[in-house]
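Please open the model in a viewer and keep the sequence panel visible. The tour below proceeds by selections, each followed by a description of what is found there.

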Amino acid sequence: MATPPPYPAAFPAPPHRHPHWWQRTWVRYGALVVLLALSGLVILALVREQTGTRGFLVGLGLAVLPVPLLVAAFRWLDRVDPGPWRNLLFAFAWGACAAALIAIVANSFATRWIATATADPASADTLGATVIAPVVEESAKATAVLLVFLFRRRDFSGIVDGVVIAGVTATGFAFTENILYLGTAFGTDQVTGGRGMASVTAATFFVRIVMSPFAHPLFTVLTGIGFGAAALLADRQHVRRALLPAAGLLLAMGLHALWNGSGSLGQYGFFAVYTAFMVPVFGLLSWLVIWSRQRELATVRAELPAYALAGWLAPAEPFVLGSLRARRLARRHAREHAGRGAARAVGQYEAYATSLAFLRRRGRLGRAGADFVPRERELLDALWSRRAVARPALDHAARTTARPLPVPARVPPGTVYGPAYGYGHPVPQQSPHPQPYPYPAYNPYRS
């Protein structure tokens, strides 16, 4: 019986070129780590100077409470095609360190300059909060999304990726900002003797941690949507690819300015803006992200059958990989029968298959880049090396979720599918012993 090879035919290797020292990966990563570390030390010193040691510790303890929940929420949104943790760590560190430092320095300088120029500190504070702060802070946070979009392009394939990177960046920024506000409020209570629910600390905690922990992520998510929409366009559409992120950034600045200016709209201005704008926008964006995730699952179900027809995947796998419930069942089955290592391999198999589906969709729509063929081969190699562990678990998930096995349409009896590559075009080969699958069954869970 003809079966696909262990891996596709080798491509000619490109000529080896020695990069300059500043182009080496370890140099770039090292420079980024040093930049973030220095920013973190400076922001730590600035916040501690404004809040005092006790205020800093109290602010830190209270500000950290919403962080795991927000990060977990964004990670949950990214379940279909989860990006690497290093991208999330970078985004959070950028928001908490670099973006926060830029915001504190730029906002302070701009407010002092306006106060000196106008001789009106009150109006300078209002202008700084409603105009300067939204522009500076959203631009600083958007830089992290831009860097991931430019330098980690493989991990940035659509709207959900933009939302996740932007949201985690804003979560880091809000974490540092909350330390500053809560620490300052605690210092005020120490001076005025405020205690309990009537204290400034309690009021600040209620507004920033209980009522609006999603405020900064909500603003910056608009920028992420702009970058995510740009990622779906072809590379040749330069104008639209530039305008969409810019439009998202302007919307983020506008919503941020409205939120900051709500305090100057009267006694109930904050609650009016919160009810009339923030909650509906939050609901609308939540629906958009979940809808985008469902479209990603539909893409998996639509694009992977070509590879199943060519023999790279089992017939039921495209439908299993297009269901979050079936994916979860497959990982659990592997963990119960072969340990955490097998469950991790199944998770990697699911992630690589999803990336392959997105890559094929871009190629089918004419949006693939010059690295399409080597990237496709890389993903197929990764799938093939994990097939022995992943296939039994995915087959179990298919049977558990009662997914019918699709039958290739209108193929003559005795035809099996041999080696195929690219877009999954089958290569008919006659076999004296026809079988329904182009490869033998695997069960590594039995010794």
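A residue is called buried under 20% relative accessible area, exposed over 50%, and partly exposed in between. By that scale F282, at 38% relative accessibility, counts as partly exposed. The model is a predicted one.

**The whole chain**

Begin with the entire protein in cartoon representation. Its secondary structure comes to 15 helices and two strands. Of the 447 residues in the protein, 47% are buried. Among contacts with a separation of 6 or more, 77% are between residues 24 or more positions apart. Switch to a surface display: the protein exposes about 22,800 Å², and carbon and sulfur atoms supply 66% of that area.

**The nonpolar cores**

Next, select V163, W259 and M278. Within the largest nonpolar core, which has 60 residues, these three have the most contacts. Add helix 5, residues 159-192; this helix gives the most to the core, with 12 residues.

Keep W259 selected and display its surroundings. Which residues does W259 touch, not counting those up to four places away in sequence? They are S212, A215, F219, F270, V273, Y274 and M278. Apart from this core lies another, of 31 residues; to locate this second core, select V300, A330, L356 and A397, which are among its members.

**The aromatic rings**

Now show the side chains of F214, W259, F270, F271, Y274 and F282. Ring pairs link these residues into a cluster. A search of the whole structure finds 12 aromatic pairs. One of them is formed by F214 and F282, with 4.7 Å centre to centre and 40° between the planes, and this pair is tilted. F214 lies in the loop between helix 6 (200-211) and helix 7 (215-231), whereas F282 lies in helix 9 (residues 269-303), so the pair ties together parts that are 68 residues apart in sequence.

Is F214 buried or exposed? F214 has a relative accessible area of 15% and is therefore buried, while its partner F282 is partly exposed at 38%.

**Salt bridges between helix 9 and helix 13**

Select E303, R360 and R364. The side chains of R360 and E303 meet in a salt bridge, at 3.1 Å from N to O. Since R360 lies in helix 13 and E303 in helix 9, this pair ties together parts that are 57 residues apart in sequence. Both R360 and E303 are buried.

E303 also meets the side chain of R364 in a salt bridge, at 2.4 Å from N to O. Here R364 lies in helix 13 and E303 in helix 9, so the parts tied together are 61 residues apart in sequence. How do the accessibilities of the two residues read? R364 counts as partly exposed at 48% relative accessibility, whereas E303, at 3%, counts as buried.

Remain on helix 13, residues 340-364, and select G363, which is found in it. G363 counts as buried, at 14% relative accessibility. Add A234 and draw the C-alpha to C-alpha distance: G363 and A234 are 10.0 Å apart in space and 129 residues apart in sequence.

**Other salt bridges**

The count for the structure comes to 11 salt bridges. Select R152 and D155, which form one of them, with the closest N and O atoms 3.2 Å apart. D155 counts as partly exposed at 22% relative accessibility, and R152 is likewise partly exposed, with a relative accessible area of 24%. Then select R154, R375 and E378: a network of salt bridges links these three residues.

**A nonpolar patch on the surface**

For the last stop, return to the surface display and select V34, L38, L41 and L44. They form a nonpolar patch on the surface, with about 370 Å² of accessible area together. L44 has its place in helix 1, residues 25-63. Its relative accessible area is 37%, so L44 is partly exposed. As a general background to this stop, nonpolar side chains tend to be buried together in soluble globular proteins.

Note on methods: Residues numbered from 1 in each chain as written. Predicted model: local features only at pLDDT ≥ 70, side-chain atom pairs only at ≥ 80, totals over all residues. Heavy atoms only, no water. Core = buried A, V, L, I, M, F, W, Y, C linked by side-chain atoms within 4.5 Å. Buried < 20%, exposed > 50% of the residue type's maximum accessible area, 1.4 Å probe, protein only. Helix = DSSP H or I, 4+ residues; strand = E, 2+ residues; numbered from the N terminus. Contact = heavy atoms within 4.5 Å. Patch = residues over 30% accessible without salt bridge, like charges linked within 9 Å, V, L, I, M, F, W, Y side chains within 5 Å. Areas by Shrake-Rupley, 256 points an atom, 1.4 Å probe, with all protein chains shown as cover. Salt bridge = Lys/Arg side-chain N within 4 Å of Asp/Glu carboxyl O. Phe/Tyr/Trp six-rings, centres within 6.5 Å; stacked < 30°, edge-to-face > 60°.
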